[in-house]
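Open the file in your viewer and set the display to cartoon, with side chains ready to switch on. The stops below say what to select and what to look for.

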Amino acid sequence: MRFIGSKVNLLPEIDSVIAKHVDGSEKTFVDLFGGSNSVGQYFKDKYQIVSNDIMYFSYVIARASIQMNEYPTFTGLKTLNIDDPIKYLQSHDISDVPDGYVTTNYSPNGKKNRMYLTPENARRIDFIRDTIEQWHASHIINDGEFFYLLDALIQGIPYVSNITGTYGAYLKHWDKRAYKSIELVPSQIINNHVANKALNEDSLNLINHISGDIVYIDTPYNSRQYAPNYHVLESVAKWDKQPLKGVTGQRDYTDEKSTFAMKSKVLDAMKSLFSNLNFKHVIVSYSTDGLLSEEDLLSILKDNAVNEDVEVSRVSYRKYKSKIVNPNTSVQELLFYFRSKKYQPTDQQPTTHAPIKTTKSASKMGFIKSPLNYIGGKYKLLPQIMPLFPQRIDTFVDLFSGGGNVGINSNANKVYFNDINTKINELFRFFQNKDPQKLLNLINERINECHLSKTNEEAYLNFREQYNANPNPLDLYVLVSYSFNYQFRFNNSLQYNNPFGRNRSHFSDRMANNLLRFVSKLNSIDARFTDDYFTNFDFSVLTPNSFVYADPPYLITTGSYNDGNRGFVNWTEKQEQQLYDILDELTSRNIKFALSNVTDHKGKSNDMLKEWSKKYNTHALLYDYQNASHNTVALGSHEVLITNY
C-alpha cells in the first residue's frame, strides 16, 4: 500500500539496529504506530507482534496480516455455493447494483462530482463492502473472515484511486491508474504460532498499560494529519456512512487528530510518550525535517535512556517536493536506539526459549496473478472470462499460455501450459516444486549481490550482459524485474535486450506476493509445461471432459510478439486458419474450447474471424480502460471470447 512515511525501504536498517542489541531472550515486539503494518509483518516471523494505530483502516490491515495466523476457510459461504469469496466479489454481475455510499460520495456520479474513483470501481467497492457487511451481520462469515476480506478491499483501493499518493485531494483529470478495475489484494499470512494482537487505541493512552521486550515508534513527522489524508479508506473501513463536507468530502476527524502532528503540542506529546515506556529495547524513527528538532528529540530520549545512552543512525533519502527535484535538497531518516530506564521485567524465569516456528504460505483465494508482465496477458479480464468457462474440467489446455494467468486460475485436475517461447516455460519449470519462500530468498540474494535498484542503470546493464553470457531462469526473472515495463524482449539471436526501467521497475512487495501465490498454486496442481508450436500439441490425450483455451497473437494488432522479429514465428492468415481448423476438429470430438481475440482494432477488421465465428457463440468483453479518452475502444476495438458451447 502507498502510505505516507512507509518504512518498507528502511526495514533492513531497523532489523540491523535491533540485531546488534538483542540477546535472544526477546519474545515480544510492539509497533506503536502501525500504519500500513509493514514493520509488524516484517518482524512477525521472529517475535510475537502487537500492532496499534488510531486509524481504523490500519487496524483492519493489522487484524488480517498481524493478528491472523491461518488463512480463513469460509465454511459458511460454502452453504451459499461460494467456494472463493474473492473471485465472487470481483466477478459477480453488478449491473443492477444501485449507486451506494462510495459511488455518490467519491465518484462523479454524486452531486459533488468528486473524482477519487471511476463510477465503475466505486460501484464495485459499494457492492463488496455491503456484501461482506451483510455476510458478517448474518454470521455467514466470522470476525477473522470479515477482516480478511475487508483488508483485501482496503489494500486494493489505492491502486485504482485518482490521487497523487494520499486522499487529501483528487486529480482533476483521470490518471491512467484510475481506469484499472479494482482488484482485491489479500494480505500474506505468516503463522508464527503465537497470539499476536491488533489494537486501535491512542498511543499516549495505550503506553500506560502495555509493556514488552521491543517497541518500535514511528510517530507522524510533520503537520499532515493522517485522518484527512486517508479519509476515503477510513470511510470504507468503518462503513459508518458519515455525511461528508467540503470539496474533497472530508469526514469529521476530531477524535483522530494526532498531537504528534501539531507544532504547538508535539514537544509535550513526545515527553509524555517516552516517559512511560516499559520496554527493554526502544527503536525510534524520525526525520531531520520533522516538527520537533533533532536536538529536542535527542534530549527527550536521553532523559529516558539508561545512562543517557542513545545510539543514532542516519539514512539519507531525497525529499519529494515536485516532479522537478533539487539535487541539493535532502533530508535524513533518523533511527534512534536506547534501553529504557523505566523498563521493569515481568518475567524472572531463565531467558532462553525455543525460536518461534514460522510457516509462510500463500492464499489460493481470488484470482492469482502471474509473476510475469507478459504482453497480452489476460489477468484483468479473468473476472469476465472465467465465469464463462465450464464448471467441471478434467484437463485444461492453455494453448498459448504466455504468462500463465489463465491456466493457473483453472480448477482442472491437470493443466497444460503450452507456449513456443521456451524462455518463459524454462522459468516456470524452474519455479515448479520450489519452496516459495526459499525462491523469494534466492531472488533477494541475487538482487543484493548485484546491487540492483530502480536507479542503478550500470548494475542493470552489467547484469544483463552477465545473463546473456550465461542464461539461467533465476537471473532472467531478476533481470525482467528491473527492465523497462517488466517485459521479456529478445533479439533474433535470443539475447535479452530490454532496456533499464529507471525509477519504475523493481522487485516490489506486490511482485513478491504475486510470486508466492503463483508458485504455491503451481505446486498444488498437476501442471505440465510444453514448448510445442500450437499445431504440434498432442490433442489426442484430450477427452470430452477436457477444455482448451486459446489466446493466440491477434492477427490485426501489432504486439511485439507478433512481428516475427523476436526469434519466434510471425502470426499470419496461415496460422490463423490453422488454429480455426484445430478448434473445429475439437468441436467434432465434443471437446469444449474458448478463443480470445479481437474482431476490430484501430480501424482494422478481422473478417476471417467474423466469418468463422458465426457457427459459435461470441461473448463481448469490456476493456479495463473503457472510459479513458486515450484507449482503443474509441477507435473501435472489440475484445471477444468465442466458445463452442
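At what angle do helix α15 and helix α18 pack, and how far apart are their axes? Select residues 422-431 for α15 and residues 473-481 for α18. In this predicted model, the two helices pack at about 110°, and their axes are 9 Å apart. Angles of 65 to 115 degrees count as roughly perpendicular, so α15 is roughly perpendicular to α18. Now show the side chains at the contact: α15 contributes Lys423, Glu426, Leu427, Phe430 and Phe431, while α18 contributes Pro473, Leu474, Leu476 and Tyr477.

Next, select strand β1, residues 28-31. Thr28 and Val30 point one way, Phe29 and Asp31 point the other way, and all are buried. In a regular strand the side chains alternate between the two faces of the sheet.

Add strand β2, residues 48-52, which runs parallel to β1 and is joined to it by four bridges. Val30 has Val50 of β2 as its bridge partner. To follow the chain from β1 to β2, select helix α2, residues 38-43; the β-α-β crossover through this helix is right-handed.

Then add strand β5, residues 211-217, also parallel to β1 and joined to it by three bridges. Here Tyr216 of β5 stands opposite Asp31.

The last stop is helix α1, residues 11-21. Which of its residues are buried? They are Leu11, Ile14, Asp15, Val17 and Ile18. These residues lie on the same side of α1 because they cover an arc of only 160° around the axis. Turn to the face away from that buried side to find Ala19 and Lys20, which are exposed.

Note on methods:
Residues numbered from 1 in each chain as written. Predicted model: local features only at pLDDT ≥ 70, side-chain atom pairs only at ≥ 80, totals over all residues. Heavy atoms only, no water. Buried < 20%, exposed > 50% of the residue type's maximum accessible area, 1.4 Å probe, protein only. Pairing = 2+ DSSP bridges. Right-handed = clockwise from strand over helix to strand, strands pointing away. Arc of directions from axis to C-beta. Axes fitted to C-alpha atoms, helices over the stretch in contact; angles between N-to-C directions. Parallel < 35°, antiparallel > 145°, perpendicular 65-115°, else oblique. Contact = heavy atoms within 4.5 Å.
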